[in-house]
Amino acid sequence: MSLPPCPKCNSEYVYQDQELMICPECGYEWNPTEVAEEEALDIRDSNGTRLQDGDKITFIKDLKVKGSSQVLKIGTKAVIRRMVEGKDHQLDCRVDGAGEMMITAAFVKKA
Ligand SMILES: [Zn+2]
C-alpha cells in the first residue's frame, strides 16, 4: 500500500504520523479521513462527463510526461485510481505502459 501523493504539491514522499499525513516537501498536513468525507469532487473530462474513481479514460491529445522526454500518445488508456482537487492535475491514474501519474482531466475522455 503506497500513500497518496500530497494534495498540495503532488509530492510522493508523504508519510503518515498517526492520523495525519504529512508532506515533507511543502509541509502540508492533512487527515485522510476528512479528505475522504469531502470526496464528492466534481471533476469532468473534456466532454463534460463526470469522472469517478476506477473509471477508464483515454487521452485526447499527446501529453508530455513532466520531468522526462516521454510522450503519452493520444488514445493512451488509463484507469483513475483516485481524484484530487487540484488546479492542474486532478486525476491520479495508472497509465498503460507508463505507470502511475497525475493527469489533467481536461485532456482525457471517459472510455
Ligand atoms: Zn506537499
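**Figure 1. The C-alpha centres of domain 1 and domain 2 lie 21 Å apart.** Welcome to this predicted model, shown here with its two domains in view. The domain assignment of the protein chain places domain 1 at residues 1–36 and domain 2 at residues 56–110. Where the domains touch, five residues of domain 1 are in contact with six residues of domain 2.

**Figure 2. Four cysteines hold the zinc ion in a tetrahedral site.** Here we zoom in on the metal. The SG atoms of Cys6, Cys9, Cys23 and Cys26 are the protein donors, and they lie 2.3 Å from the zinc ion. The angles among the four donor atoms run from 106 to 114°, and the site is tetrahedral. For orientation, the ideal angle for four tetrahedral donors is 109.5 degrees. If you are tracing the donors along the chain, look for the spacing C-x2-C-x13-C-x2-C.

**Figure 3. Cys23 and Cys26, two of the zinc donors, seen side by side.** Take a moment to compare their surroundings. Cys23 has a relative accessible area of 1%, so this residue is buried, the cut-off being under 20%. Cys26 has a relative accessibility of 40%; because this value falls between the 20% and 50% limits, Cys26 counts as partly exposed.

**Figure 4. Five strands build an open antiparallel sheet.** Reading across the sheet, you will meet the strands in the order β9-β8-β7-β4-β10. The edges belong to β9 (residues 99–103) and β10 (residues 108–110); each has a single partner strand, so one side of each is left without a neighbour in the sheet. From one strand to the next, the twist averages 40°.

**Figure 5. Strand β8 meets the edge strand β9.** This close-up follows one pairing of the sheet. Residues 91–95 make up β8, which pairs with β9 in the antiparallel sense over five bridges. To find your place, start at Val95, which stands opposite Gly99 in β9.

**Figure 6. Strand β4 is flanked by β7 and β10 in the sheet order.** On one side, β4 (residues 56–59) is joined by three bridges to β7 (residues 77–83), and these two strands run antiparallel. A handy landmark here is Lys56, whose bridge partner in β7 is Val79. On the other side, three bridges join β4 to β10, again with the strands running antiparallel. Phe59 marks this pairing, with Val108 as its bridge partner in β10. As a friendly reminder, strands of a sheet pair through backbone hydrogen bonds.

Note on methods:
Residues numbered from 1 in each chain as written. Predicted model: local features only at pLDDT ≥ 70, side-chain atom pairs only at ≥ 80, totals over all residues. Heavy atoms only, no water. Donors = N, O, S within 2.8 Å, 3.2 Å for Na, K, Ca; no water. Tetrahedral: all angles 85-135°; square planar, octahedral: opposite > 155°, others 65-115°. Buried < 20%, exposed > 50% of the residue type's maximum accessible area, 1.4 Å probe, protein only. Pairing = 2+ DSSP bridges. Helix = DSSP H or I, 4+ residues; strand = E, 2+ residues; numbered from the N terminus. Axes fitted to C-alpha atoms, helices over the stretch in contact; angles between N-to-C directions. Domains from an automatic or database assignment. Contact = heavy atoms within 4.5 Å.
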